[in-house]
Amino acid sequence: PKLLLADGSLDLACRRSFPAPSAFVYRALGLSKPFPRSKRFGSYNMTYLSPDVQTEVDAVVGACMLVRASVVREAGLLDEAYFMYGEDLDWAYRIKQYGWKIMYVPRATVHHYKRASSRQRPFKSIRAFYDAMRVFHRKHYAATTPAPLNFAIEAGITLKEYLSLGRNLLRPSAARRVG
C-alpha cells in the first residue's frame, strides 16, 4: 500500500527497487535528493513515478504487506540473519527470484509511525540498519561484484554508518533517531 508518515508525507520505502551497487552510489553521493524525478538517480525509491500510480516494484516495506501463502511456501520465511531492517527487502528479492510479482497499490493507504520501535535505542538501531545493508550485499551481490567494488561498497556502508552515528550523537536526546 501507499504508506504515509505521521506528517502525511509519503514513506519513500513503500515502493522501491533493489539496491543495486549503482543505486547505492547515487544515494551515498546524495544525488537522489536534488534529482528525485531522474529515473537514474531516483531509482531506489522510485521517486520519478507519481505516488498515486499502481506499479510493479522490486520491494515494498515490511510495515505493511500482503503475501500469499503459496508465495511463502515457495520462497520461505523471513531470513533470521537480519536483526532489524532489511528482512523485507531480502524476502522480496527471494520472492522475485521465484518469478512472483510485487505490486505497489496506492489506493490502499496505511499510516506508518516510522521508527517507533527503534527510538528507545537509537545507537543499536543505527548499527542494525547498516548491518542489514551489509548482510543484503554479501548475500545477494558480493559473489558477482568485482572485489574492488565490494571493498568500496563495504567501506561506503561503514562510512555512512559512522556519519549517521556521529550526527545522531550531536542531536538533542529527544531528536535522536535512525537514518
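This is a conversation between a biologist and a modeller about a predicted model of a protein chain.

Biologist: Let's start with the overall layout. How is the protein chain divided?

Modeller: Into domain 1, residues 2-111, and domain 2, residues 122-170. The C-alpha centres of the two domains lie 18 Å apart.

Biologist: And how many residues of each domain are in contact with the other?

Modeller: On the domain 1 side there are 18, and on the domain 2 side there are 15.

Biologist: What makes the largest nonpolar core a core, and which residues have the most contacts inside it?

Modeller: A nonpolar core needs buried residues of the nonpolar kinds, joined through side-chain atoms within 4.5 Å. The largest such set here has 25 residues, and those with the most contacts inside it are C14, F18, V57, L89, I95, I102 and F136. At least two core residues come from each of α2 (69-75), α3 (87-97), β3 (102-104) and α4 (122-140). The largest share, 5 residues, belongs to α3.

Biologist: Why do you say that this core lies between the domains?

Modeller: Because domain 1 and domain 2 both give residues to this core, it lies between them.

Biologist: Is there a second core, and which residues does it include? I'd like to see where to look.

Modeller: Yes, a separate core of 6 residues, with F24, I126, Y130 and I157 among them.

Biologist: Back to I102 for a moment. What is I102 in contact with, leaving aside its neighbours within four places in sequence?

Modeller: I102 is in contact with the run T55, E56, V57, D58, A59 and V60, and also with A92, I95 and K96.

Biologist: Now the helices. Why are α4 and α5 called roughly antiparallel?

Modeller: The helices α4 and α5 (residues 147-170) pack at an angle of about 170°. Angles over 145 degrees count as roughly antiparallel, so α4 and α5 earn that description. Their axes are 10 Å apart.

Biologist: Which residues make the contact between them?

Modeller: From α4 they include F123, I126, Y130, M133 and H137, and from α5 they include I153, I157, E161 and L165. Sorted by class, the contact has 8 nonpolar, 5 polar and 6 charged residues.

Biologist: What about α1: which of its residues are buried, and what do they pack against?

Modeller: In α1 (residues 21-28), the buried residues are P21, A23, F24 and Y26. They pack against α4 and α5. Just after α1 comes G30, with a positive phi of about 80°.

Biologist: Where is D88, and how do you know that D88 counts as buried?

Modeller: D88 is in helix α3. Its relative accessibility is 9%, and buried means under 20%, so D88 counts as buried. Leaving aside neighbours within four places in sequence, D88 is in contact with R16, V60, V61, G62 and M65.

Biologist: And why is D11 called buried?

Modeller: The relative accessible area of D11 is 1%. The limit is under 20%, so D11 is buried. D11 lies in the loop between β1 (2-4) and α1. Not counting residues up to four places away in sequence, D11 touches L3, L5, H112 and K114.

Biologist: What makes the phi of M46 worth a look?

Modeller: Most residues other than glycine have a negative phi. M46 is not a glycine, yet has a positive phi of about 55°. M46 is found in the loop between α1 and β2 (55-57). With a relative accessible area of 6%, M46 is buried.

Biologist: Where is Y85, and why is Y85 called partly exposed?

Modeller: Y85 is in the loop between α2 and α3. Partly exposed covers what falls between the 20% and 50% limits, and Y85 has a relative accessible area of 22%, so partly exposed is the right label. Phi of Y85 is also positive, near 75°, in a residue other than glycine.

Biologist: How do you know that Y98 is partly exposed?

Modeller: By the same limits of 20% and 50%: Y98 has a relative accessible area of 44%, so Y98 is partly exposed. Y98 is in the loop between α3 and β3. Leaving aside neighbours within four places in sequence, Y98 is in contact with E74 and A75. The C-alpha atoms of Y98 and E80, 18 residues apart along the chain, are separated by 20 Å.

Conventions
Residues are numbered from 1 along each chain as its sequence is written. This is a predicted model: local features need pLDDT of at least 70, side-chain atom pairs count only at pLDDT 80 or more; totals for chains, interfaces and linings use all residues. Side-chain values use heavy atoms; hydrogens and water are left out. Buried means under 20% relative accessible area, exposed over 50%, partly exposed in between (1.4 Å probe, protein chains only). Helices (H or I, at least four residues) and strands (E, at least two) are DSSP runs, numbered from the N terminus. Domain bounds come from an automatic or database domain assignment. Contact means heavy atoms within 4.5 Å. Axes are lines fitted to C-alpha atoms, for helices over the stretch in contact, and angles run from 0 to 180 degrees between N-to-C directions. Angles under 35 degrees count as roughly parallel, over 145 as roughly antiparallel, 65 to 115 as roughly perpendicular and the rest as oblique. Ala, Val, Leu, Ile, Met, Phe, Trp, Tyr, Cys and Pro count as nonpolar, Asp, Glu, Lys and Arg as charged, and the others, Gly among them, as polar.
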